Amino acid sequence: MARAGLSTERVIQAGAEMADEIGFEQVTPTKLAKRCGVKTASLYSHVKNAHELKTGIALLALAELAELAAGAVAGLAGKDALISLANVHRDYALAHPGRFAAARFRLAPEQAATSAGVRHAEMMRAILRGYDLAEPHQTHAVRLLGSVFSGFVGLEAAGGFSHSTPGSQESWSEILDALDVLLRAWPRRK
């Protein structure tokens, strides 16, 4: 039986907040139930298990990030759109590290197909069409951009750039400039 005041949405939101505080991998139904002031069994009225909880957090994170990205790239093209999209990912990762990690959680194919992850791919592909990239080059470029965004912010969040100069912002700007050049000169093998 569901506890009054709790809903699946509130449980997922509380899980996302906890993920940002302690790390996505550390979020468990038991820890979340304690945070919500309920018994673990009460939490299971809203999510079946830890996997469903993590899936919910992942779907929430993807939706939040897609909404931010859509607003940031609206009306932009080329390098401006690329930089805006990249900055949204970096800013979200720094503000919500647990949720950003959750956005990379492996979803079941049917969940992935209906998630906001589809919007992310569509936005990236729209930006890449501005660089005159068609398939299969778009897919390769989408993977490159995702790897750069996730890799850089992961290393930055872990303190990987704090021990040397120049600062991470300078590196980020130069990397985005280099990505723009690379995308304009993308090799088009047949």
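**Entry 1: E21 and its partner**

I looked up E21 in this predicted model and found a relative accessibility of 55%; the cut-off for exposed is over 50%, so E21 counts as exposed. Its side chain meets that of R35 in a salt bridge, at 2.7 Å from N to O. E21 sits in helix α1 (residues 8–22) and R35 in helix α2 (residues 29–36), so this pair ties together parts 14 residues apart in sequence. R35 is partly exposed, with a relative accessible area of 36%. I also noted that E17, E21 and R35 are joined into one network by salt bridges that share partners.

**Entry 2: more salt bridges**

How many salt bridges does a search of the whole structure find? I got 10. One that I checked is E64 with R99, where the closest N and O atoms are 2.9 Å apart. E64 belongs to helix α4 and R99 to helix α6 (residues 97–102), so the pair links parts that are 35 residues apart in sequence. E64 is partly exposed at 22% relative accessibility, while R99 is buried at 6%.

Next I tried R90 and E156, whose side chains meet at 2.6 Å, N to O. R90 is in helix α5 (residues 78–95) and E156 in helix α9, so parts 66 residues apart in sequence are tied together. Are these two buried or exposed? Both R90 and E156 are buried.

**Entry 3: the largest pocket**

I then turned to the largest pocket, which holds about 460 Å³ of space. Of its 16 lining residues, L62, H89, A103, R104 and H120 are the closest to the centre. I sorted the lining into 10 nonpolar, 5 polar and 1 charged.

Key: Residues are numbered from 1 along each chain as its sequence is written. This is a predicted model: local features need pLDDT of at least 70, side-chain atom pairs count only at pLDDT 80 or more; totals for chains, interfaces and linings use all residues. Side-chain values use heavy atoms; hydrogens and water are left out. On a 1 Å grid over the protein atoms alone, a cavity is a set of points where a 1.4 Å probe fits but cannot get out, and a pocket is an open set with protein on both sides within 12 Å along at least five of seven lines; lining residues have an atom within 4 Å of a point. Grid points are joined across faces, edges and corners, and a volume is the space filled by probe spheres set on the points. Ala, Val, Leu, Ile, Met, Phe, Trp, Tyr, Cys and Pro count as nonpolar, Asp, Glu, Lys and Arg as charged, and the others, Gly among them, as polar. A salt bridge is a side-chain nitrogen of Lys or Arg within 4 Å of a carboxyl oxygen of Asp or Glu. Helices (H or I, at least four residues) and strands (E, at least two) are DSSP runs, numbered from the N terminus. Buried means under 20% relative accessible area, exposed over 50%, partly exposed in between (1.4 Å probe, protein chains only).
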